[in-house]
Amino acid sequence: MVEDLSFKRLPCNERAAVEIVVEGRKVIAYEGDSVAAAVMHAGLRPTRKTALSDVGRAPYCMMGVCFECLMNINGKANIQACMTEVREGMVITVQQGARELVGEIR
Amino acid sequence: MTESMRSPRGSSEVAVIGGGLVGLCIALGIQRQGLEVTVYDEGDIALRASRGNFGLVWVQGKGDNLPEYARITRLSAKLWAGLADDLTQHTGIDIQLQQQGGLFVCLTESELQHRQQMLAAMAQEHPEGYPFEVLDLQQLREMMPDIGPEIAGATWGPEDGHVNPLYLMHALVNRFESLGGQFVNAGKVNNIVPQSGQFLLQATQGTFSCNKVVLAAGLGNKELGPMVGIEAPVSPNRGQVLIAERVRPFINYPTGHVRQTVEGTVQCGDSKEDVGLDTGTTTNILAQIARRAITMFPLLKDVNLVRSWGALRIMTPDGNPIYQQSEQYPGAYLVTCHSGVTLAAAHSGPIADWIATGANPTVDLEAFHGRRFKL
């Protein structure tokens with residue numbers, strides 16, 4: 001995991017703190033944050049590895065269109081992090097390549 | 001397209017109207033015979049089955065009402081590897097042809113029985129042999145471990161396969177242009193005027209002349225055909241397609257309803273609707289497609305869908321192709337089918353040779369004459 005703390009929070013209305021777990025590390029986010037915003041602020045890079053070539057990616061459009069922000073959230077693979085709000089205790093990990101279906105249900 | 005940078009030539013030995021898979025394959029094949037070929041394409045507003053199709057190279061069951069259609073389909077399937085090799089070798093584009101056989105999965109016993117009867121009847125009509133197998137659920141599971149429990153079985157066709165139709169189209173355009181062909185965004189061809197052994201094409205973006213003209217305009221052939229004395233009673237039939245996210249490979253053979261691409265994308269489809277020229281999608285049909293796909297592969301239950309679209313098949317009244325030269329205006333040809341992917345290798349091979357040189361293919365083309373619709 002590359003740490004990149006280039007994102008800073010701008011002042012805004014006060015919101016309740018939410019504790020999430022990003023790659024095994026406890027991180028404080030705020031109610032209303034998207035998972036994508038929270039992990040970027042926490043310095044997580046990359047947030048996924050691509051399905052075919054295993055190359056690192058990070059959130060891009062932040063509005064549900066580009067699918068670059070896919071992550072594993074609470075054990076579910078390929079979730080759009082930019083479209084998911086943080087919840088207390090949420091467990092978030094990097095999406096490693098293509099989603100593995102076999103063994104998920106069988 | 002880089003071609004629009006060059007000004008299109010005013011006349012060609014052969015003009016192909018329609019820059020989809022059918023037109024491009026034929027243009028490429030005619031060009032191989034040493035003729036100068038121009039493809040006139042309507043542009044991006046064209047109703048384009050070549051972009052919306054399912055990508056199957058499919059043999060089993062095709063031509064159950066016309067043995068010649070089964071023959072040309074199998075001929076094309078046999079020639080497909082050569083076409084794919086040629087395109088990949090010369091363009092560097094891997095069109096992802098996989099031809100290790102395909103499965104038509106049947107949900108109910110009666111569906112399976114009906115299909116078995118159809119294929120058995122076809123085998124009777126083909127003394128050269130018509131390979132297929134009927135698999136019960138257990139046999140099917142040995143081939144596809146992730147098939148669902150509520151399946152009756154499947155029919156197996158060893159000649160079936162699939163390809164990436166978009167890479168195919170890309171490779172065809174590249175190959176055609178690299179051999180000197182011109183691909184012209186001409187807008188709609190509004191009129192074809194036969195003129196002392198030549199043809200004048202009046203398109204929105206210009207007027208062009210040619211010695212031979214091939215109508216490969218899909219649904220547009222209905223309007224264009226009569227201009228050169230050929231009836232093409234084609235009508236649209238919509239298929240809707242669902243695209244799921246990329247997942248690790250688990251569907252190892254293409255099926256008639258669900259396939260997984262080399263990249264891991266799962267494509268589900270095979271609806272048929274008569275809705276005119278509407279290329280939209282509807283929730284109820286997409287739900288049916290999804291339900292069938294999940295019954296076939298329960299693992300799909302939690303998979304995310306990322307896209308859906310509708311595309312129009314080009315159907316003749318009996319579902320079979322038309323290959324026809326105009327009796328009234330020799331030198332004008334019409335080609336139409338609903339399987340531009342499967343028939344790609346036949347089109348770029350024997351059909352193109354027939355148009356370029358008059359050489360008769362091994363399959364009797366008389367059976368594909370449009371006069372059958374007048375009986």
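This is a short conversation about reading a predicted model.

Trainee: Before we look, what should I know about the numbering and the model?
Mentor: Residues are numbered from 1 along each chain as its sequence is written, while chains are lettered from A and ligands numbered from 1 in the order in which they are written. This is a predicted model, where local features need pLDDT of at least 70, side-chain atom pairs count only at pLDDT 80 or more, and totals for chains, interfaces and linings use all residues.

Trainee: Which helices and strands make up chain A?
Mentor: Helices (H or I, at least four residues) and strands (E, at least two) are DSSP runs, numbered from the N terminus. Chain A has 1 helix and 9 strands, and from the N terminus on they follow the order β-β-β-α-β-β-β-β-β-β.

Trainee: How does the radius of gyration of chain A fit a compact globule?
Mentor: The radius is taken over C-alpha atoms, and the globule rule is 2.2 Å times the number of residues to the power 0.38. For 106 residues a compact globule would have a value near 13 Å, and the 14 Å of chain A agrees. The C-alpha atoms of chain A fill a box of roughly 45 × 25 × 25 Å, taken along the principal axes.

Trainee: How many residues of each chain take part in the contact of chain B with chain A?
Mentor: Two residues are in contact if their C-beta atoms, placed from the backbone, lie within 7 Å. Here 13 residues come from chain B and 12 residues from chain A. The side of chain B that touches chain A has 5 nonpolar, 2 polar and 6 charged residues. In this scheme Ala, Val, Leu, Ile, Met, Phe, Trp, Tyr, Cys and Pro count as nonpolar, Asp, Glu, Lys and Arg as charged, and the others, Gly among them, as polar.

Trainee: How do I describe two packed helices?
Mentor: Give the angle between their axes and the distance between the axes. Axes are lines fitted to C-alpha atoms, for helices over the stretch in contact, and angles run from 0 to 180 degrees between N-to-C directions. In chain B, the axes of helix H3 (residues 67–91) and helix H9 (residues 344–357) come within 7 Å and cross at roughly 90°. H3(B) and H9(B) are therefore roughly perpendicular; angles under 35 degrees count as roughly parallel, over 145 as roughly antiparallel, 65 to 115 as roughly perpendicular and the rest as oblique.

Trainee: Which residues meet there?
Mentor: Among them are Leu79(B) and Trp80(B) in H3(B), and Ala345(B) and Ser348(B) in H9(B). The residues of this contact divide into 8 nonpolar, 4 polar and no charged.
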